[in-house]
Amino acid sequence: AALKLAPGQPEAKRMGAVSTEYLMLDTIKKGLILRSLPVAEQKSRRRDAVRLAQRAVAGRADRAEAALALLDVLAFRPDDERVKDLLSTLRP
């Protein structure tokens with residue numbers, strides 16, 4: 001927002017860089033938390049994400065919410081082809 005209001009200002013550029021760093025740190029933290037979940041919880045989250053994605057594909061759930069749930073699953077199951085396929089189906 002600061003960069004849009006004052007694109008040439010050094011303070012706006014600094015605010016943009018800092019906000020990007022915070023976003024990256026939050027993403028890393030979330031990934032670490034997801035990867036440290038017990039196996040049973042990971043399985044449960046995967047099952048729920050797949051169900052939500054299937055409902056979203058059928059038009060009965062929010063596509064963006066389903067995509068985020070699938071991305072969370074990829075944090076601890078990066079090679080899950082079913083999840084990747086559903087994610088590519090949800091994305092335009």
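I'll start with helix H4, which has 14 residues and runs 21 Å from its first C-alpha to its last, close to the 20 Å expected at 1.5 Å a residue. Bear in mind that this is a predicted model.

At the start of H4, Asp-62 places a side-chain oxygen within 3.4 Å of the backbone nitrogen of Ala-64.

Next, burial. Which residues of H4 are buried? They are Ala-66, Ala-67, Leu-70, Val-73, Leu-74 and Phe-76. An α-helix has 3.6 residues a turn, so residues three or four places apart point the same way. The cover over the buried residues of H4 includes helix H2, residues 10-35, together with H3 and H5.

That brings me to the core. The largest nonpolar core has 18 residues, and Ala-53, Ala-66, Leu-70, Val-83 and Leu-90 are those with the most contacts inside it. At least two core residues come from each of H3 (39-57), H4 (63-76) and H5 (81-90). H4 gives the largest share, six residues.

Take Leu-70. Beyond its neighbours within four places in sequence, Leu-70 is in contact with Ala-49, Val-50, Ala-53, Val-83, Leu-86, Leu-87 and Leu-90.

One of those contacts, Val-50, sits in helix H3. Is Val-50 buried or exposed? Its relative accessible area is 9%, under the 20% cut-off, so Val-50 counts as buried. Not counting residues up to four places away in sequence, Val-50 touches Leu-70, Val-83 and Leu-86.

A last distance, for Val-50 and Tyr-22: the two are 28 residues apart along the chain, and their C-alpha atoms are separated by 29 Å.

Key: Residues are numbered from 1 along each chain as its sequence is written. This is a predicted model: local features need pLDDT of at least 70, side-chain atom pairs count only at pLDDT 80 or more; totals for chains, interfaces and linings use all residues. Side-chain values use heavy atoms; hydrogens and water are left out. A nonpolar core is a set of buried Ala, Val, Leu, Ile, Met, Phe, Trp, Tyr and Cys residues joined through side-chain atoms within 4.5 Å. Buried means under 20% relative accessible area, exposed over 50%, partly exposed in between (1.4 Å probe, protein chains only). Helices (H or I, at least four residues) and strands (E, at least two) are DSSP runs, numbered from the N terminus. Contact means heavy atoms within 4.5 Å. The expected span of a helix is 1.5 Å times one less than its number of residues. A polar contact is a pair of N or O atoms within 3.5 Å; within protein, one must be able to donate a hydrogen and the other to accept it, and residues adjacent in sequence count only if both atoms are side-chain atoms.
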